[in-house]
Amino acid sequence: MLGPSGSGKTTLLTALGGRLTGKFSGTITYNGRPFSSSVKRRIGFVAQDDVLYPHLTVLETLTYAALLKLPKKLTTQEKIEQVELILVELGLARCRNNVVGGPLLRGLSGGERKRVSVGLEMLVDPSLLMLDEPTSGLDSTAAHRIMVTLRGLARGGRTVIATIHQPSSGLYRMFDNVLVLSEGHPMYWGQADQAMDYFSSIGFTPSFNFLNPADFLLDLANGIAPDTKPDEQQQEFHGREYISQNPQDSSFPTAKSSKSSEVEWNSSWWEQFKVLLTRVYKRGSMNPFRAYGYFKSCRSRFFPASSGGIPMLPTYKIRWDFYFSSQYSGLFPSVQCHIHLPTRASNVIRERSSGCTDYPRIHLPNSRRLANGARSSHDIRDCNILDGRTQSSLLTFILTLSIVLLNVLVSQALGLAMGAVLMDVKQATTLASVTMLVFLLVSGYYIHHMPDFIAWLKYIFFSHYCYKLLVGVQYSANELYECEIGRRCKVVDFPAIKYLGLDYDNRWCDAVA
């Protein structure tokens, strides 16, 4: 499909691939059959931007995709063999163990990345392969290699549809059929080698014989007619008539329609979960900041004093680290998760659009952040036990860890909700920071006497209840402390604790909240 910018190439291709959202008129059929989810999985769609995981190698990228996409009747070894065939067919065997790379990580070249994107769709051996601007951003040599690869795929019995903005004459000669669009209307549809003859027959002949046919067609699509009379130059060429040199050509989709339109996953839920979980940890193992996480964990375990830094108050007074545990386990997971959807939206959309999985299956393996957030809070708890100034019984430890885990889970949900609503990293970060700061101030630790018109805010902040539960676990209702010389008072009457309003008979209400 050829045409100037804004002519509707990408929109038409997206509609043909079943990925166009919103309302539109008309119908799309495949070999006379309507579009269905099963047909959708037999269509390969390569977007203009390469949506790949930068820390995975070429082999790992294709292997994980094969385990998700290929039918479950195939064994793991057979799926791996299919990956090997794709590597050879696309000329990726030489760089199979190279990381894909990205803006911050050096990896494959632009042409190799594009071939990896094509390989992801070729795993299921689609009858119809669609590509949006496959040569965009590539030099002439890389673009030629990509088109040679696509031409070889077409000669193998597949229909390949591609949008190209301005191909060279060498690329144009590879095309079998050409659709020229202008302002959303077709100007020409037919064999590529007959396009010039057709326009010459209606009075539009290039000024010289060695002109790139693609340049000539794009000039016509823009309303520029070479070497014509002034009155003829105003003639419209914006698709008022559908022109076809071969109207009987039915070579568009050759995908076989399924007998049933019901969704049938290529692999079981458990198998997809294992594959996605393995991929998550593989990506995490390549994270350059992973070493810092290990350092932080070891520092907290072997040097507990470095986690404190603030002189400890007497045992009966409210401990700053209870509050820090509730706020840290509530803030850090939320900050991590609010960028999860915006930064991975393109990957999620690609995998969902291909029909190989859905969002719950994609998200659950990423919930390992629950363990990471709990580990950080666990380290804090270890330090409290090591210093010997808190109740360090096994029951107290289990209850404390359970409360922190629950707080982490709620914090994750809030962060994911913010990211899902805004789908923008900057906006989600701003909203999360402002929201958490407001709740931090009104939660009851820094300020004990809040104005009535904002005092209610603490009751909708989940870390407020975490804070209450952590304090309630540490101090029993009848525990005493020496409030004056020779006088003992209840810990629950200590002003900072009394302000929390501990209710030992209704602790489950705080847990539910």
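**A buried helix and the contacts around it**

Seven of the nine residues of helix H9 are buried, so this helix is largely enclosed by the rest of the structure. The model described here is a predicted one, and H9 makes a friendly place to begin. The buried members of H9 are Pro213, Ala214, Phe216, Leu217, Leu218, Leu220 and Ala221. Around them, the packing partners are helix H7 (169-172), strand S6 (177-182), strand S7 (185-191) and helix H8. Just past the helix comes Gly223, with a positive phi near 85°.

The start of H9 deserves a closer look. Here a side-chain oxygen of Asn212 comes to within 3.1 Å of the backbone nitrogen of Ala214. Asn212 itself sits in the loop between helix H8 (195-201) and helix H9 (213-221). Is Asn212 buried or exposed? Its relative accessibility is 12%, and because buried means under 20%, Asn212 counts as buried. The side chain of Asn212 also has a polar atom 3.1 Å from the backbone oxygen of Pro167. Once neighbours within four places in sequence are set aside, the contacts of Asn212 are with Pro167, Ser168 and Ser169.

Helix H8, one of the elements that the buried residues of H9 pack against, leads on to the aromatic residues. Across the whole structure, a search finds eight aromatic pairs. One of them joins Tyr198 and Phe199 in an edge-to-face arrangement, with 5.3 Å from centre to centre and 75° between the planes. Tyr198 and Phe199 are both buried. Together with Tyr188, these two residues make up one aromatic cluster.

It helps at this point to step back to the whole protein. The chain has 513 residues, and 45% of them are buried. Its secondary structure consists of 22 helices and nine strands. Among contacts with a separation of 6 or more, 71% are between residues 24 or more positions apart. The accessible surface comes to about 26800 Å², and carbon and sulfur atoms hold 57% of it.

Charged side chains offer another way to follow the fold. Side chains of opposite charge can pair when their charged atoms come close. In this model the count of salt bridges is nine. One of these brings together the side chains of Asp50 and Lys114, at 3.2 Å from N to O. The two lie in distant parts of the chain, 64 residues apart: Asp50 belongs to the loop between strand S3 (43-46) and helix H3 (58-69), and Lys114 belongs to helix H5 (residues 110-122). How do the partners stand in terms of burial, and what is the relative accessibility of Lys114? Lys114 is buried, with a value of 2%, while Asp50 is partly exposed at 22%.

A further salt bridge is formed by Glu121 and Lys69, whose closest N and O atoms are 3.7 Å apart. This pair, too, links distant parts of the chain, with Glu121 in helix H5 and Lys69 in helix H3, 52 residues apart. Both Glu121 and Lys69 are buried.

Arg158 and Asp125 also meet through their side chains in a salt bridge, at 2.9 Å from N to O. Arg158 is in the loop between helix H6 (140-155) and strand S5 (159-163), and Asp125 is in the loop between H5 and strand S4 (128-132), so the pair ties together parts that are 33 residues apart in sequence. Arg158 is buried, with a relative accessible area of 16%, whereas Asp125 is partly exposed at 46%. The pair belongs to a network of salt bridges that links Glu89, Asp125 and Arg158.

Finally, the surface has a feature of its own to show. Leu406, Leu409 and Val410 make a nonpolar surface patch of about 230 Å². Of these residues, Leu409 is placed in helix H17 (residues 394-422). Leu409 counts as partly exposed, because its relative accessibility is 46% and that class lies between the limits of 20% for buried and 50% for exposed.

Methods:
Residues are numbered from 1 along each chain as its sequence is written. This is a predicted model: local features need pLDDT of at least 70, side-chain atom pairs count only at pLDDT 80 or more; totals for chains, interfaces and linings use all residues. Side-chain values use heavy atoms; hydrogens and water are left out. Patches are made of residues with over 30% relative accessible area and no salt bridge: like charges are joined within 9 Å, nonpolar side chains (Val, Leu, Ile, Met, Phe, Trp, Tyr) within 5 Å. Accessible areas come from the Shrake-Rupley method with a 1.4 Å probe; for residues, only the protein chains shown count as cover. A salt bridge is a side-chain nitrogen of Lys or Arg within 4 Å of a carboxyl oxygen of Asp or Glu. Helices (H or I, at least four residues) and strands (E, at least two) are DSSP runs, numbered from the N terminus. Buried means under 20% relative accessible area, exposed over 50%, partly exposed in between (1.4 Å probe, protein chains only). A polar contact is a pair of N or O atoms within 3.5 Å; within protein, one must be able to donate a hydrogen and the other to accept it, and residues adjacent in sequence count only if both atoms are side-chain atoms. Contact means heavy atoms within 4.5 Å. Rings of Phe, Tyr and Trp (its six-membered ring) pair if their centres lie within 6.5 Å; planes under 30 degrees apart count as stacked, over 60 as edge-to-face and the rest as tilted.
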